[in-house]
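Student: Could we go through this model together? I'd like to know what stands behind each label we put on it.

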Amino acid sequence: MTGIGRRLRRRPPKYSAAALAWRGMRGDYWPRVWRDTELKSSYDAVVVGGGVHGLATAYYLARNHGITNVAVVDKAYLGSGASGRNTAIVRANYLTPEGVAFYDRSLQLYNSMALDLNINVMMSERGHLTLAHNDSSLRTMNWRAEVNKLQGVNSSVIGPDEIKKIAPALDTSSHPRYPILGALYHPPGGIVRHDAVVWGYARAADYMGVEMHQKTEVLDILCEGGNGPDGKGPGGKVVGVRTNRGDISTPVVVNCTAGWAGLISAMAGVRLPITTHPLQAAVTEPVKVFLPTVVVSGSLHVYISQTDRGELVFGAAVDPVATYSIRGSLEFTEELAGHVLELMPGISRMRLLRQWSGLCDMTPDYSPVMGFTPVDGFLVDVGWGTYGFKAAPVSGEQMAEAVATGRTPKLIAPFALSRFDSGELVGEKGAASVGH
Amino acid sequence: MLLVPCPNCGPRNSADLRYGGESHARPDPATATPQQWRGYLYLRDNPAGWLRETWYCRSGCRRWFTLERNTATNEFRTPPMPGDKRGGKA
């Protein structure tokens with residue numbers, strides 16, 4: 001066996017143009033990207049949820065802290081939930097200083113991700129326009145721009161003329177019912193290929209020894225010493241996880257689920273301030289690229305971006321009724337089409353290809369719940385509402401630090417579960433998404 | 001679309017109503033601790049199954065009422081008694 005052959009068996013093949021040419025000429029198959037191993041009976045930590053948050057947490061546990069005896073369990077396949085359903089937008093132009101600092105770190109990690117993980121995540125730093133249709137939202141845009149600038153994040157408020165120059169397809173005249181008065185322009189914002197992020201983290205974590213267990217559903221979290229039934233609840237500690245493939249003993253369980261976050265936490269006796277709402281999105285047929293930036297309108301409940309393939313991706317606000325059902329609705333499509341045409345009348349003949357929805361865990365203040373809980377060894381990285389994807393790298397990094405050091409890192413301290421006891425909420429309703 | 005069985009107006013599109021969320025008994029103001037108030041304000045059971053919840057029929061009878069809905073299938077059950085108040089006991 002040649003030296004190259006031996007190396008290829010030990011580490012994942014490097015993704016590069018040379019590797020592509022070499023494998024193409026030899027006619028080789030690319031090996032499986034991550035292993036499919038038997039479930040062991042004990043791990044140092046178990047991460048529940050194989051989406052970007054769970055995989056990033058496992059990756060940073062292994063890379064930054066050398067904790068590699070980690071299992072990521074998911075009841076379906078990796079990236080099957082919100083990680084593969086979001087509209088892939090990343091940005092850092094939030095409203096509170098806590099939020100801005102946090103999401104800015106995430107954006108930095110996204111910018112270096114392709115090199116770190118050796119996978120093309122198609123990070124496209126194309127700029128992000130948040131439109132204002134009335135005086136009060138223009139005022140919020142100015143507020144956000146000033147908070148952003150203080151934190152060193154590039155944001156500014158621009159007028160209709162400049163908006164027209166950046167995105168000519170937008171109707172910036174005074175004709176629409178909700179004319180565009182200005183926008184918060186955030187050049188570092190953009191879109192990323194969300195599947196590649198999932199695969200990249202999974203591949204890198206697997207290489208360092210983390211095990212990914214798909215189709216492994218968590219049935220119960222085993223605790224002892226708590227004041228609730230079966231030793232669960234505040235004051236207790238985690239001793240293991242019961243799955244449909246057998247019991248695992250572990251001192252640490254990190255809940256990185258979306259949608260089912262409340263149900264998983266209830267297994268450890270922890271109640272969360274979370275309700276589950278579906279969010280619907282849709283995509284059109286591909287056309288020539290004409291929309292250079294991400295466009296968001298809070299008043300019209302819509303955000304729009306054009307993929308590199310040319311499809312327009314639309315996202316909306318969460319559905320008003322809390323449910324675990326992810327059926328789409330005609331009201332959504334009608335409302336979406338009306339609102340998009342209000343912004344861009346020129347695309348009225350475009351056809352929608354498909355619509356889908358994913359589950360969002362909404363918290364009262366539109367900020368996540370991260371860190372330790374009253375149950376020792378049970379950590380949460382949940383409540384990610386409509387903004388989980390853009391925060392995945394920094395969440396993984398900070399949650400891994402919390403697990404490894406046993407202390408809450410400074411960046412996520414404002415998002416602790418205990419803030420609902422102390423009343424120190426982090427109000428991001430104005431900047432978290434659209435139309436709440 | 002959800003077809004919500006309003007006790008006064010019959011089945012209505014959910015867009016005609018306002019969703020009030022999980023229904024819990026309000027703590028007694030005379031004896032409740034801050035902890036209980038915070039729990040009442042923020043913490044939710046959020047089950048994937050039968051949930052007791054409130055609705056407001058904003059374009060019909062303009063009354064709050066309580067229903068039970070399966071959050072996994074969106075099926076409703078137990079037609080409520082008229083005059084049920086938001087957050088009231090069953």
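**Cores, a helix and an interface**

Tutor: Sure, and keep in mind that this is a predicted model. Let's start with A:Val295: leaving out residues up to four places away in sequence, its contacts are A:Leu129, A:Leu131, A:Ala167, A:Leu170, A:Tyr303, A:Ile304 and A:Leu343.

Student: What makes those residues count as touching A:Val295?

Tutor: A contact needs C-beta atoms within 7 Å. A:Val295 is also one of the residues with the most contacts inside the largest nonpolar core, alongside A:Leu55, A:Val70 and A:Tyr201. That core has 123 residues, and H3(A) gives the most to it, with 8 residues.

Student: Why is the set with B:Cys6 and B:Trp55 called a second, separate core?

Tutor: A core is a set of buried residues of the listed nonpolar kinds, joined through C-beta atoms within 7 Å, so a set that is not joined to another in this way counts on its own. The second core has 9 residues, B:Leu17 and B:Phe65 among them.

Student: Back to chain A. How do you know that H8(A) is largely enclosed by the rest of the structure?

Tutor: Count the buried residues: 10 of its 14 qualify, so the helix is largely enclosed. A buried residue has 20 or more other C-beta atoms within 10 Å of its own. A:Tyr201, A:Arg203 and A:Asp206 are among those that pass. The cover includes helix H3 (52-65), helix H5 (113-117), strand E8 (211-213) and helix H11 (392-405) of chain A.

Student: What is the span of H8(A), and what is expected?

Tutor: H8 (residues 194-207) of chain A reaches 20 Å from first to last C-alpha, close to the 20 Å expected at 1.5 Å a residue. After the helix comes A:Gly209, with a positive phi near 110°.

Student: Now chain B. What makes E1(B) and E2(B) a pair?

Tutor: Two strands pair if there are at least two bridges between them. Strand E1 (residues 3-6) and strand E2 (residues 10-13) of chain B have 4, in the antiparallel sense, so they pass the cut-off of two. One bridge joins B:Leu3 to B:Asn13. With 3 residues between them, the two strands form a hairpin.

Student: And which elements of chain B face chain A?

Tutor: In total, 16 residues of chain B contact 20 residues of chain A. Strand E3 (18-22) and helix H1 (34-42) of chain B are the elements giving two or more residues to that side. By class, it has 8 nonpolar, 6 polar and 2 charged residues.

How values were computed:
Residues numbered from 1 in each chain as written. Chains lettered and ligands numbered in written order. Predicted model: local features only at pLDDT ≥ 70, side-chain atom pairs only at ≥ 80, totals over all residues. Expected span 1.5 Å × (residues − 1). Buried ≥ 20, exposed ≤ 12 C-beta atoms within 10 Å, placed from the backbone. Contact = placed C-beta atoms within 7 Å. Nonpolar A, V, L, I, M, F, W, Y, C, P; charged D, E, K, R; others polar.
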